[in-house]
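Hello,

Here is the structure I promised to send over. Have a look at it first, and then read on for what I found.

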Amino acid sequence: MNLTFVRKYNRFLRKTDGIFTHNPLLVLGLALPLAVIPSYGMTAMVAVSAAMLICFVPTVFIASIIGKRVSSPWRVILYPLISCLLLILSRSVVQRISVLIFDTLGVYFSLICVNSLLMYSVEQVLPKKPLDALAFALRQWVGASLVAFLCAVIRELLATGSLWGITVLKDVPRLPVAQMALGGFILLGFLAAFCRLVHRIVLTLTLRAGAAQNENDLADKERSETQK
Amino acid sequence: MNSTIHHAPYIRHTESSRTIMSDAAIALVPLYFMSYFYYGSRVLLVGGVSILTCLICDWICGYLLQRKLNLRDLSAAVTGIIISMMVPPAVPLYVVVAADLFAILVCKAPFGGTGKNLFNPAAGGLAFATICWSNQMFLYTQPLQRLPMQLDETVTYLQGPTATLKLGGIPRLGLTELLLGNFPGPLGSTFTLIILACLIYLIARRAIKWYLPVSFLIPVAMIAAYNHPFGVSPLESVANELFAGSLLFVAVYMLTDPATTPKYNISRILYGICAGILTMVFRYISPLEMSAVFAILLMNALAPAFDCFCEWLLPKMQPVNNETALDEGGNQQ
């Protein structure tokens with residue numbers, strides 16, 4: 001069996017670990033409240049993503065540096081505290097995106113400091129070098145933000161027919177449930193199933209491509225032998 | 001010796017998913033006739049669209065999951081009929097289609113299809129439509145007013161008696177009107193007499209167990225009698241609560257779904273009682289009229305817990321005797 005294409009595909013997946021494979025939202029189910037509630041609209045999701053970039057990524061980076069020197073029970077307190085300090089800084093950035101969003105979403109910005117994704121990541125980077133840890137944190141952030149942003153686009157479009165407040169779909173029946181938490185959870189479930197389907201299709205296609213190449217190689221070999 | 005090789009199942013029963021669903025479909029047909037008599041040919045359009053959407057959706061899901069197409073599986077059609085029976089006669093068709101899609105794509109197919117669904121698909125679809133389009137879902141029309149196929153400005157919309165009850169008012173409806181469903185309400189779920197006749201048919205055909213709807217209706221009646229409004233007799237209050245909406249329909253057709261109810265007899269009775277109490281709680285505190293549907297959805301999620309509770313309770317209730325055994329229904333043999 002020719003597995004050249006499968007290996008190429010697997011290599012691509014390994015490089016994008018955290019984004020396409022082991023996606024924190026779709027595969028690991030981490031930080032779901034952060035993805036489900038604020039993703040009712042693009043503005044809110046961009047604001048949360050920006051705050052996450054400021055709070056989550058540096059915290060994980062710091063964790064890789066000081067993690068081994070701090071004992072386990074203290075780590076649980078220390079990292080959310082670091083994240084909280086960074087959240088104060090992120091407020092000014094978030095307010096540039098939308099003035100009211102920090103107060104509108106309220107607790108969901110605070111959840112950036114204490115959530116399962118942060119706790120998972122800070123423990124994962126303990127044996128890693130700081131630069132690898134930074135790359136890991138960035139990949140996790142990109143993976144989570146990408147899925148949440150996709151959710152936000154679909155939900156805003158279905159519920160209000162607009163994107164970033166600009167009307168895109170006119171005279172189309174609206175689906176208000178899309179902006180509710182219920183809609184977010186269902187959409188995330190369907191996205192997870194869809195991604196799994198795409199993965200299977202790609203895997204099947206790569207296997208078929210390998211088999212086809214194998215047949216071509218055999219045919220070429222036979223032809224060359226007959227010519228001889 | 002002649003022997004034949006045959007695949008499982010080896011134990012067969014005359015009662016199957018197909019027979020239960022075809023019985024349910026047969027028991028729903030008289031309601032269609034009655035609603036056709038009350039509201040005209042638009043009923044057929046709503047019903048047809050609903051059934052077709054459910055069937056097509058179910059077949060597509062089956063194809064995607066690489067399952068063999070089973071034309072004898074009527075569960076999707078029954079879901080479509082139940083949804084169409086619970087919506088108002090003058091409902092926009094996109095609401096019906098959305099409810100059907102939600103029922104099959106979200107409540108049924110992801111759990112593994114027929115017989116494996118955790119939630120009643122029809123209840124899920126109706127709850128979805130109620131949350132999304134609560135305005136359209138509770139605007140009814142006067143019975144015997146023939147509705148045009150294409151809704152226009154000539155259609156007069158009215159509130160149902162359940163809205164009056166929710167606001168603390170008293171719907172002054174006679175017993176005859178309540179029994180015949182001659183008041184503004186859902187398309188086919190207010191015809192009390194016919195629903196009762198269908199209930200008898202379903203019990204006689206052993207498609208449903210009598211104690212499930214009864215255990216659901218008794219707490220509803222008791223709470224309604226106890227909490228009757230001022231100036232209304234307890235009996236009138238009971239009649240209003242039971243027959244002035246789609247509660248009886250829900251008790252007969254949705255609560256008794258074999259896939260979503262508990263497996264033991266005792267847990268089924270407890271399930272029915274809890275669903276009845278929850279329905280009345282939702283009626284008093286929820287802003288939406290279709291409280292029974294939401295109560296059933298919540299109870300569906302708790303159905304396995306009732307079975308677990310029953311498995312824990314039954315051995316404690318039995319005397320310690322090695323010879324006694326329990327059958328599948330939780331009864332002592």
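**Chain B, then chain A**

Read along the sequence, chain B follows the pattern α-α-α-α-α-α-α-α-α-α-α-α-α-α. That comes to 14 helices and zero strands, where helices (H or I, at least four residues) and strands (E, at least two) are DSSP runs numbered from the N terminus.

A few notes before the details. This is a predicted model, in which local features need pLDDT of at least 70 and side-chain atom pairs count only at pLDDT 80 or more, while totals for chains, interfaces and linings use all residues. Residues are numbered from 1 along each chain as its sequence is written, and chains are lettered from A and ligands numbered from 1 in the order in which they are written.

On confidence, the predictor gives the complex an ipTM of 0.70 and a pTM of 0.81. Chain B has a mean pLDDT (the predictor's confidence in each residue, from 0 to 100) of 86, and 94% of its residues reach 70 or more. Among the elements of chain B, helix α3 (residues 75-86) has the highest mean pLDDT, 94, and α7(B) the lowest, 81.

Now the overall form of chain B. Its radius of gyration (taken over C-alpha atoms) is compared here with a globule rule of 2.2 Å times the number of residues to the power 0.38. Chain B has 21 Å, which agrees with the value near 20 Å of a compact globule with 333 residues. Along the principal axes, the C-alpha atoms of chain B fill a box of roughly 75 × 45 × 30 Å. Of the 333 residues of chain B, 47% count as buried; a residue is buried if 20 or more other C-beta atoms lie within 10 Å of its own, exposed if 12 or fewer, and partly exposed in between, with C-beta atoms placed from the backbone. Two residues are in contact if their C-beta atoms, placed from the backbone, lie within 7 Å. Among contacts in chain B between residues at least 6 apart in sequence, 72% join residues at least 24 apart.

The part of chain B I would look at with you is helix α14 (residues 291-317). A kink of about 45° lies in this helix at B:Leu302, shortly before the proline B:Pro304; the bend at a residue is the angle between axes fitted to the seven residues ending there and the seven starting there. The buried residues of α14(B) include B:Val293, B:Ile296, B:Ala303 and B:Phe306. They pack against α5 (121-132), α12 (247-254) and α13 (265-285) of chain B.

B:Ile296 turns up again in the largest nonpolar core. Such a core is a set of buried Ala, Val, Leu, Ile, Met, Phe, Trp, Tyr and Cys residues joined through C-beta atoms within 7 Å. This core has 95 residues, and those with the most contacts inside it are B:Ala99, B:Leu126, B:Val250 and B:Ile296. Leaving aside neighbours within four places in sequence, B:Leu126 is in contact with B:Ile83, B:Met86, B:Ala99, B:Met290 and B:Val293. Apart from the largest core lies another, of 46 residues, among them A:Cys55, A:Val57, A:Tyr108 and A:Ile112.

Two loop residues in chain B have a positive phi without being glycine. B:Leu144, with phi near 65°, sits in the loop between α6 (134-137) and α7 (161-166) and is exposed, with 10 other C-beta atoms within 10 Å. B:Arg206 has a phi of about 60°; its place is the loop between α9 (192-204) and α10 (211-226), and it is partly exposed, with 13 such atoms.

Over to chain A, which has nine helices and two strands. Its elements run α-α-α-α-α-α-α-α-β-β-α from the N terminus on. The radius of gyration of chain A is 22 Å, well over the 17 Å that the globule rule gives for 228 residues, so chain A is more spread out than a compact globule. Its C-alpha trace spans about 80 × 60 × 25 Å along the principal axes, and buried residues make up 32% of the 228 residues.

Finally, helix α7 (residues 116-124) of chain A has A:Leu117, A:Leu118, A:Ser121 and A:Val122 as its buried residues. Seen down the axis of α7(A), these fall within an arc of 120°, so they line one face of the helix; the arc is that of the directions from the helix axis to the C-beta atoms. They pack against α3 (42-66), α4 (72-97) and α8 (130-160) of chain A.

Best wishes
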